[in-house]
Amino acid sequence: MKPIIAIYPGSFDPVTNGHLDVVFRAAKIFDRLIVAVLGNQEKAPLFTALERVEMLRGATAECANVEVDTFDGLLVEYVRQRQAQVILRGIRAISDYEYELQMALMNRRLEPNVETVFMLPAERYSYLSSRMVREIALLGGPIKEFVPAGVEERLRAKSR
Ligand code: PNS
């Protein structure tokens with residue numbers, strides 16, 4: 001049977017333990033998982049695409065079937081280019097659902113052969129977001145339990 005390749009797209013500005021929880025769960029299910037960092041963003045991210053890729057690579061180094069890459073432009077175009085069959089997204093709470101539904105249905109309209117699969121991170125990460133972690137770090141608050149050690153250091157360096 002053809003190996004199932006899933007793309008996990010996102011801003012990952014920066015990657016949190018919630019994202020990683022989804023990555024580790026998905027790596028057990030799919031043959032290959034490509035974590036795809038969005039390069040061209042409307043809002044200026046805190047970390048460059050290269051920094052975000054480096055942090056993700058550091059945090060997923062032990063997963064042999066996980067690759068980290070960047071993409072620009074339409075997600076479905078990138079999915080086709082990587083010959084993937086699945087778009088993976090994490091859903092935390094019901095508040096994520098509306099946006100995710102809209103995006104999944106639009107992506108299906110653009111590329112009917114690709115399925116969006118949703119996974120739930122562990123409950124302890126259900127309130128965690130990159131935006132909040134950035135804010136707490138920039139205000140000098142504790143972020144140790146929310147991000148891997150390498151990310152914590154980089155956030156601290158940005159907030160100095
Ligand atoms: O982590 P995020 O910011 O919620 O990720 C959003 C992302 C990167 C998945 C989304 O913005 C995206 O796919 N952008 C690429 C452009 C695109 O394909 N837009 C149409 C999606 S319906």
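This passage describes strand E1, the nonpolar cores, the ligand site and some backbone features of a predicted model.

A good place to begin is strand E1, which spans residues 5-10. Six of the six residues of E1 are buried, so this strand is largely enclosed by the rest of the structure. In a regular strand the side chains alternate between the two faces of the sheet. In E1, Ile5, Ile7 and Pro9 point one way, while Ala6, Tyr8 and Gly10 point the other way, and all of them are buried. The partner considered here is strand E2 (32-38), with which E1 pairs in the parallel sense over six bridges. Within this pairing, Tyr8 stands opposite Val35 in E2.

Both Tyr8 and Val35 reappear in the largest nonpolar core, which holds 33 residues. Together with Leu33, Leu88 and Leu155, they touch the most other members of that core. Several elements each supply at least two of its residues: the strands E1, E2, E3 (66-71) and E4, and the helices H1, H2 (49-60), H5 (130-138) and H6 (149-159). Helix H1 gives the most, with five residues. A second, separate core has 11 residues, including Ile5, Ile34, Phe71 and Val79. Returning to the largest core, Leu33 offers a helpful view of its surroundings. With neighbours within four places in sequence left aside, Leu33 is in contact with Ala6, Tyr8, Val23, Ala26, Ala27, Asn65, Val66, Glu67 and Leu88. Two of these partners, Ala6 and Tyr8, point the same way from E1.

The ligand is the next stop. It is surrounded by 13 residues, of which Gly10, Ser11, Leu74, Leu75 and Arg89 are the closest. Among these, Gly10 belongs to the buried set of E1 residues already described. Three distances involve an oxygen atom of the ligand. One is 2.6 Å, to an N or O atom in the side chain of Ser11. Another is 2.8 Å, to a polar backbone atom of Leu75. The third is 2.9 Å, to an N or O atom in the side chain of Arg89. Taken alone, the ligand exposes 550 Å², and the protein buries 72% of that area.

Some backbone features also deserve a look. Most residues other than glycine have a negative phi, and most peptide bonds are trans. The loop between E1 and helix H1 (17-29) contains Pro14, and a cis peptide bond, with omega about 0°, joins Asp13 to Pro14. Phe12 is found in that loop too, and its phi is near 50°, a positive value in a residue other than glycine. Phe12 counts as buried because its relative accessibility is 4%. A positive phi also occurs at Gln83, where the value is near 55°. Gln83 is found in the loop between helix H3 (75-81) and strand E4 (86-90), and counts as exposed because its relative accessibility is 60%.

Finally, Leu139 is found in the loop between H5 and H6. This leucine is exposed, with a relative accessible area of 69%. Leu139 and Arg160 are 21 residues apart in sequence, and their C-alpha atoms are 10.0 Å apart in space.

Technical notes
Residues numbered from 1 in each chain as written. Predicted model: local features only at pLDDT ≥ 70, side-chain atom pairs only at ≥ 80, totals over all residues. Heavy atoms only, no water. Helix = DSSP H or I, 4+ residues; strand = E, 2+ residues; numbered from the N terminus. Buried < 20%, exposed > 50% of the residue type's maximum accessible area, 1.4 Å probe, protein only. Core = buried A, V, L, I, M, F, W, Y, C linked by side-chain atoms within 4.5 Å. Contact = heavy atoms within 4.5 Å. Near = heavy atom within 4 Å. Polar contact = N/O pair within 3.5 Å; in protein donor to acceptor, adjacent residues only side chain to side chain. Areas by Shrake-Rupley, 256 points an atom, 1.4 Å probe, with all protein chains shown as cover. Pairing = 2+ DSSP bridges.
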